[in-house]
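Thank you all for coming; I would like to walk you slowly through one structure today, beginning with a single helix and working outwards from there. Please have the sequence and the model open while I talk.

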Amino acid sequence: MGIKIEKIDKNLIAYIDGDIDHHSAKDIREQIDIEIKNYLPSKLILDFKNVSFMDSSGIGLVMGRYKSMKSIDGGIQLKNLSSHISKVMKLAGIEKILKITNI
Amino acid sequence: MKNLLNEVKLIIPSRSSNESFARTAITCFFAQLDPTLEEVADIKTAVSEAVTNSIVHGYKNEIGNIYIQGKIFENNEIYIKIKDKGCGIPDINQALEPLFTTCTTGERAGLGFAVMQSFMDRLRVFSSLDKGTTVILSKKLSSKKNID
């Protein structure tokens with residue numbers, strides 16, 4: 001459970017681990033926001049490879065970070081979404097506004 | 001009336017640390033029907049949304065009990081009731097609108113009911129101010145396994 005953050009070039013990569021729900025989203029969000037503030041990346045990459053469960057709190061997490069990256073003229077990319085996570089994201093139409101990759 | 005085959009009841013205090021337990025425990029109860037992985041994820045997500053609503057909205061400034069009931073009927077029909085005795089919803093139709101949220105920080109998507117609606121076959125919401133809210137989720141599982 002938790003998050004590992006890597007900085008490569010001007011990218012911030014956040015590897016999220018465990019469940020994303022209302023309870024865990026607060027910590028994940030705070031840790032990513034501290035790094036965005038300190039590092040001012042041009043792109044934030046959220047990696048969901050090790051996310052075992054996600055409810056709509058994950059949509060709030062992504063939309064909130066999308067806004068913070070936009071405010072510093074940066075972008076956001078989602079990576080390695082399972083079919084369940086994609087299904088939740090699709091409800092919010094997230095795939096239409098964000099880049100999603102599986103590499 | 002449909003035949004009730006099995007049931008479970010859970011009472012938990014509205015602490016956010018119980019969200020994970022609640023959705024996992026109720027989903028485990030339905031494991032006896034041998035649901036598909038997708039059905040497991042659907043049930044888990046819908047229950048997580050309902051329990052989170054009770055914690056975040058129902059018992060906004062207090063800790064109260066959340067009553068969860070799971071039932072299995074014949075033909076693999078499942079029923080889940082999530083009830084709180086919190087503040088209630090002033091306008092249910094407005095609350096059911098996708099993207100409607102009372103959250104002002106921008107961190108809640110307002111999609112809780114939309115998730116419950118799309119991941120389960122049926123969603124019913126009953127609420128009265130200062131008395132609480134009851135959410136009833138039901139779904140027919142594709143499982144061919146029948147329990148006795």
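**One helix and its surroundings**

Let me begin with the face of α1(A) that is turned away from its buried side, where you will find the exposed residues A:Asp27, A:Glu30, A:Ile34, A:Lys37 and A:Asn38. I should say at once that this is a predicted model, and I ask you to keep that in mind throughout.

Now turn to the other residues of this helix: A:His22, A:Ser24, A:Ala25, A:Ile28, A:Arg29, A:Ile32 and A:Ile36 are buried in α1(A). They lie on the same side of α1(A), because the arc that they cover around the axis is only 130°.

What do the buried residues of α1(A) pack against? Within chain A they pack against β1 (2–8), β2 (11–20), β3 and α2, and from chain B they meet α1 (19–29) and α2 (37–58).

As for the length of the helix, the 18 residues of α1(A) should span 26 Å at 1.5 Å a residue, and this agrees with its end C-alpha atoms, which are 26 Å apart. After α1(A) comes A:Leu40, which has a positive phi, near 45°.

Let us move on to β3, which runs over residues 43–54 of chain A and holds A:Leu46. Is A:Leu46 buried or exposed? A:Leu46 counts as buried because 26 other C-beta atoms lie within 10 Å, where 20 or more are needed. If we leave aside the neighbours within four places in sequence, A:Leu46 is in contact with A:Ala14, A:Ile16, A:Val62, A:Leu78 and A:Lys79.

Next, the meeting of the two chains, in which 17 residues of chain A are in contact with 20 residues of chain B. On the chain A side, the elements that give two or more residues are α1 (22–39), α2 (57–71) and α3 (83–91), and the largest share, 5 residues, comes from α2(A). Sorted by class, this side of chain A has 6 nonpolar, 6 polar and 5 charged residues.

Finally, chain B itself, which has 4 helices and 5 strands, running β-α-α-β-β-α-α-β-β from the N terminus on. Chain B is as compact as a globular protein of its length, because its radius of gyration is 15 Å, close to the 15 Å that the globule rule gives for 148 residues. Of those 148 residues in chain B, 39% are buried, and among its contacts with a separation of 6 or more, 70% are accounted for by residues 24 or more positions apart.

Conventions: Residues numbered from 1 in each chain as written. Chains lettered and ligands numbered in written order. Predicted model: local features only at pLDDT ≥ 70, side-chain atom pairs only at ≥ 80, totals over all residues. Buried ≥ 20, exposed ≤ 12 C-beta atoms within 10 Å, placed from the backbone. Contact = placed C-beta atoms within 7 Å. Nonpolar A, V, L, I, M, F, W, Y, C, P; charged D, E, K, R; others polar. Rg over C-alpha atoms; globule rule 2.2 N^0.38 Å. Expected span 1.5 Å × (residues − 1). Arc of directions from axis to C-beta.
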